[in-house]
Amino acid sequence: MASHAITVVVGVRRVGKTSLVKASTHDLPRIYLDVRKFEESRYITYGMFLEELRKALNVFASMDRKIVEHLKAVKGLKILGVEVEFSLDRSRPLLTSILESLDRWAGDRGEKLVIVIDEAQELIRMRGYSILPAIAYAYDNLRNISFIFAGSKIGLLYRFLRVEDPSSPLYGRYMERVELKPLDKEKSMEFLRKGFEEHGIRVEETFIEEAVEKLDGVIGWLSYLGLKVVSRGVSRTIIDDVVEEASKIVANEFCKFVDAMGSKRYVEIIRAINREGATWSEIRRYLEIRLGTKIYDSELARLLRNLIDNGFIEKRDDLYIIPDPILRQASRNILC
Ligand SMILES: Nc1ncnc2c1ncn2[C@@H]1O[C@H](COP(=O)(O)OP(=O)(O)OP(=O)(O)O)[C@@H](O)[C@H]1O
Ligand SMILES: [Mg+2]
């Protein structure tokens with residue numbers, strides 16, 4: 001992944017993006033920022049972003065003190081003892097200056113430095129500042145740095161990067177795109193079999209089949225089941241218990257989104273799509289019956305786009321579907 005200046009890694013929740021990104025860069029100098037913590041912030045300031053960057057730099061500097069020598073050249077950045085500190089006023093450091101000093105460090109070492117921003121789409125709510133010009137500057141001028149942007153809100157991530165927008169700083173820059181898919185049935189079964197084998201746990205083949213049927217190939221759910229089995233042992237209800245716990249987690253995530261958007265119509269749409277998926281007109285009919293009011297095309301388009309952008313639904317040909325197996329199973333009964 002580090003061989004490209006910019007890589008974008010997308011995929012539904014718990015499909016293994018973070019693990020993949022970390023595994024594929026584990027032997028490279030890497031600065032890792034997870035900005036999911038901003039999910040619930042109404043907006044993000046440059047200062048909030050800088051604070052995350054500062055923490056990530058400190059983690060990095062604790063492993064390689066040499067970097068500190070290079071960082072010292074950045075205006076608005078101080079080294080206090082062993083900690084990197086930023087001025088918070090007008091003289092706070094420029095992102096481009098920080099990137100330049102990192103690039104010089106990597107150049108001296110003859111290595112490529114990878115900067116990972118996980119759940120980068122959250123930065124779309126940054127006010128009064130955009131990191132995109134600095135990224136574009138790095139793309140054009142700093143050969144020793146590469147970026148990986150990962151995210152589970154696929155539509156939002158692409159909208160944040162403004163890849164299709166000619167006025168975007170990143171427009172026309174090549175980005176390597178990686179879409180991580182759930183494992184197929186065979187691979188999912190193998191994943192569980194191997195995991196159990198490694199822990200010396202014997203399970204029936206039918207147990208594995210049932211698990212994969214209910215949890216699909218989402219590696220996070222499969223490994224969650226594995227963990228439960230390892231700690232509690234196999235039981236008749238353990239798969240359903242895991243599905244139930246998972247449903248609560250997923251419903252909670254979905255309801256947070258519904259709250260943030262301020263419309264219960266999203267719940268009705270998820271119910272309409274249900275396990276089988278639904279077409280545009282089926283969704284509209286369902287909504288109109290449930291709400292007893294006419295739904296305009298523009299309104300439905302907006303609602304569906306928000307659901308797609310946030311990764312809760314996908315469009316396959318003419319059908320809208322719910323990619324997450326747990327949300328799919330819970331869809332009919334979901335209450336927010
Ligand atoms: N290759 C793998 N082998 C074993 N376990 C894995 C593997 N990949 C991921 N996992 C496990 O699955 C879970 C989800 O993985 P991870 O956090 O990487 O996914 P993600 O797509 O980043 O999820 P999120 O959307 O929540 O950020 C983690 O608990 C992780 O340990
Ligand atoms: Mg992740």
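How many of the nine residues of α11 are buried? The legends below, which all refer to a predicted model, return to this question in the view of that helix.

**View 1. The whole protein chain and its division into domains.** In this predicted model, the protein chain contains 14 helices and nine strands, and its C-alpha trace spans about 60 × 55 × 35 Å along the principal axes. The chain has 336 residues, of which 47% count as buried, while the area that the chain exposes comes to about 17100 Å², with carbon and sulfur atoms supplying 50% of it. When contacts between residues at least 6 apart in sequence are considered, 70% of them join residues that are at least 24 apart. The chain is divided into domain 1, covering 6-179, domain 2, covering 185-236, and domain 3, covering 257-333.

**View 2. Domain 2 beside domain 3.** The C-alpha centres of domain 2 and domain 3 are 31 Å apart, and where these domains meet, five residues of domain 2 are in contact with five residues of domain 3.

**View 3. The surroundings of ligand 1.** Ligand 1 is surrounded by 14 residues, and the closest of them are Arg13, Gly16, Lys17, Thr18 and Ser19. Sorted by class, this shell is made up of three nonpolar, six polar and five charged residues. Two helices, α1 (17-24) and α9 (219-232), each supply at least two residues of the shell. Because domain 1 (6-179) and domain 2 (185-236) both give residues to the shell, ligand 1 lies between these two domains.

**View 4. Polar side chains at the oxygen atoms of ligand 1.** In the side chain of Thr18, an N or O atom lies 2.7 Å from an oxygen atom of ligand 1. Arg36 places a polar side-chain atom 3.1 Å from an oxygen atom of the ligand, and for Ser223 the corresponding distance, again from a polar side-chain atom to an oxygen atom of ligand 1, is 3.3 Å. Taken on its own, ligand 1 has 620 Å² of accessible area, and the protein covers 64% of this.

**View 5. Helix α11 and the elements packed around it.** The answer to the opening question is that eight of the nine residues of α11 are buried, so that this helix is mostly covered. The buried residues are Tyr266, Val267, Glu268, Ile269, Ile270, Arg271, Ala272 and Ile273. What do these buried residues pack against? Their partners are four helices and a strand, namely α10 (238-261), α12, α13 (297-309) and α14 (325-330), together with β9 (319-321). An α-helix has 3.6 residues a turn, and therefore residues three or four places apart point the same way.

**View 6. Asn274, the residue that follows α11.** Directly after α11 comes Asn274, whose phi is positive and near 55°, although this residue is not a glycine. Asn274 lies in the loop that runs between α11 (265-273) and α12 (280-291). Is Asn274 buried or exposed? Its relative accessibility is 10%, and because a residue under 20% counts as buried, Asn274 belongs to the buried class. When residues up to four places away in sequence are left out, Asn274 touches Ile322, Arg328, Ser331 and Arg332. With one of these, Ser331, the contact is a polar one between the two side chains, at 3.2 Å.

**View 7. Glu119 and Gly128 in the loop between β5 and α5.** Glu119 is found in the loop between β5 (113-118) and α5 (132-141), and Gly128 lies in the loop between β5 and α5 as well. Although Glu119 is not a glycine, its phi is positive, at about 55°. Glu119 counts as buried because its relative accessibility is 4%, whereas Gly128 is exposed, with a relative accessible area of 87%. How far apart are the C-alpha atoms of Gly128 and Ile148? These two residues are 20 residues apart along the chain, and their C-alpha atoms are separated by 23 Å.

Definitions and conventions
Residues are numbered from 1 along each chain as its sequence is written. Chains are lettered from A and ligands numbered from 1 in the order in which they are written. This is a predicted model: local features need pLDDT of at least 70, side-chain atom pairs count only at pLDDT 80 or more; totals for chains, interfaces and linings use all residues. Side-chain values use heavy atoms; hydrogens and water are left out. A residue is near a molecule or strand if one of its heavy atoms lies within 4 Å of it. A polar contact is a pair of N or O atoms within 3.5 Å; within protein, one must be able to donate a hydrogen and the other to accept it, and residues adjacent in sequence count only if both atoms are side-chain atoms. Accessible areas come from the Shrake-Rupley method with a 1.4 Å probe; for residues, only the protein chains shown count as cover. Ala, Val, Leu, Ile, Met, Phe, Trp, Tyr, Cys and Pro count as nonpolar, Asp, Glu, Lys and Arg as charged, and the others, Gly among them, as polar. Domain bounds come from an automatic or database domain assignment. Buried means under 20% relative accessible area, exposed over 50%, partly exposed in between (1.4 Å probe, protein chains only). Contact means heavy atoms within 4.5 Å.
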